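Subject: Structure handover

Hello,

I am passing on the structure that we talked about, so that you can open it and read the notes below beside it. Please take your time, and keep the viewer open while you go through them.

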Amino acid sequence: MTVKEFFKSNVFKCITALLCVLLVSGAFLTVCFGFMEVTEGERLQRAVTSIYEGKEVTVYGLDENGNDAVIDSTVSNPKGLLEKPVAIGAAEVKQAYKVKFTEDGNEVFNYLVSSKGKRGYAGGNITCWVAITVENGVISGIYRVVISQSASQTLMSDINGSSLLQDIVDGYEAGIQYVPDKDNDEYIVSGATMSSTAVCNAVNGALSFVGGLLGGNG
């Protein structure tokens, strides 16, 4: 078969058609991935929505000069307070932001911290958003705790369906270190002791981090 005959053959036509399909499919998938990709800004906005339900909040990160900068839904790559994650005890603080909102006519200031608690079931971990309230330069409480991710944890439905996260909020006192207590059923979900530990470690890490920012006023 000559080259000219090959270009006129059905084999060449089939190869050309397949290449065209591959090129079009690749371009389509690339476009779809771009639309479906969740940016850091979107993750942050979703967290803010779930934590501060129904409230108008202002979220602050940092600009290129290290000054406070408002982060809204248009920011795809928000710059938080941390350049890189920080290990604190049995936790890793992944990122943190400042949050302001009004509640009952009063302005409320939070540090919103993404903290990964270690020592969970099967050596896994649980990442939580921990909203910590600060008044007059001192931690005054925990506003809310929301679980955002988990690794190797099999009983997350039990954790999320329990009162553990609210118990942590309600149990806050200055200098507290949350530790699951089997004897008093405190900060523990039955059958999920290690996952409860990971949650507590995440919260402890977040509190220690903010306390450090405030010069030890935890």
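Below is what was found, going from the cores to a pair of strands, then to some single residues and a pocket.

Please keep in mind throughout that this is a predicted model.

The largest nonpolar core holds 36 residues, and the ones with the most contacts inside it are I142, V145, I168, Y178, V199, L207 and V210. At least two residues of this core come from each of β4 (91-103), β5 (106-117), β6 (125-135), β7 (138-151), α4 (156-160), α5 (164-170) and α6 (193-213), and it is α6 that gives the most, with nine residues. To see how one of these residues is surrounded, you could select Y178, which touches I142, I168, G171, Y172, Y187, C200, V203, N204 and L207 when residues up to four places away in sequence are not counted. There is also a second, separate core, made up of 15 residues, and Y97, V99, F101 and V108 are among them.

The strands β6 and β7 run antiparallel and are joined by eleven bridges; as one example, C128 has I147 in β7 as its bridge partner. These two strands form a hairpin with two residues between them, and N136, which sits in the turn, has a positive phi of about 55 degrees.

That sign deserves a second look, because most residues other than glycine have a negative phi. Another residue with a positive value is D104, whose phi is near 55 degrees; D104 lies in the loop between β4 and β5, and it is exposed, because its relative accessible area of 74% is over the 50% cut-off. S152, with a phi near 65 degrees, is also a residue other than glycine with a positive value. S152 belongs to the loop between β7 and α4, and it counts as partly exposed because its relative accessible area is 47%, in between the cut-offs of 20% and 50%.

Two residues of strand β5 are worth following one after the other. V113 is found in this strand and is buried, since its relative accessible area is 0%, which is under 20%. Not counting residues up to four places away in sequence, V113 touches V93, Q95, A96, C128, W129, V130, A206, F209 and V210. If you measure from C-alpha to C-alpha, V113 and L81 are 9.7 Å apart in space, although 32 residues apart in sequence.

S114 lies in β5 as well, and it too counts as buried, because its relative accessibility is 7%. When its neighbours within four places in sequence are left aside, S114 is in contact with E92, V93, K94, Q95, T127, C128 and W129.

S114 also leads to the last topic, the largest pocket, which has a volume of about 440 Å³. This pocket is lined by 18 residues, of which E40, R43, K94, S114 and W129 are the closest to its centre. Which elements give two or more residues to its lining? They are α3 (40-51), β4, β6 and β7, and the largest share, six residues, comes from α3. Sorted by class, the lining has seven nonpolar, seven polar and four charged residues.

Best wishes

Note on methods: Residues numbered from 1 in each chain as written. Predicted model: local features only at pLDDT ≥ 70, side-chain atom pairs only at ≥ 80, totals over all residues. Heavy atoms only, no water. Core = buried A, V, L, I, M, F, W, Y, C linked by side-chain atoms within 4.5 Å. Buried < 20%, exposed > 50% of the residue type's maximum accessible area, 1.4 Å probe, protein only. Helix = DSSP H or I, 4+ residues; strand = E, 2+ residues; numbered from the N terminus. Contact = heavy atoms within 4.5 Å. Pairing = 2+ DSSP bridges. 1 Å grid on protein atoms, 1.4 Å probe; cavity = no way out; pocket = protein on both sides within 12 Å on 5 of 7 lines; lining within 4 Å. Points joined across faces, edges and corners; volume = space filled by probe spheres on them. Nonpolar A, V, L, I, M, F, W, Y, C, P; charged D, E, K, R; others polar.
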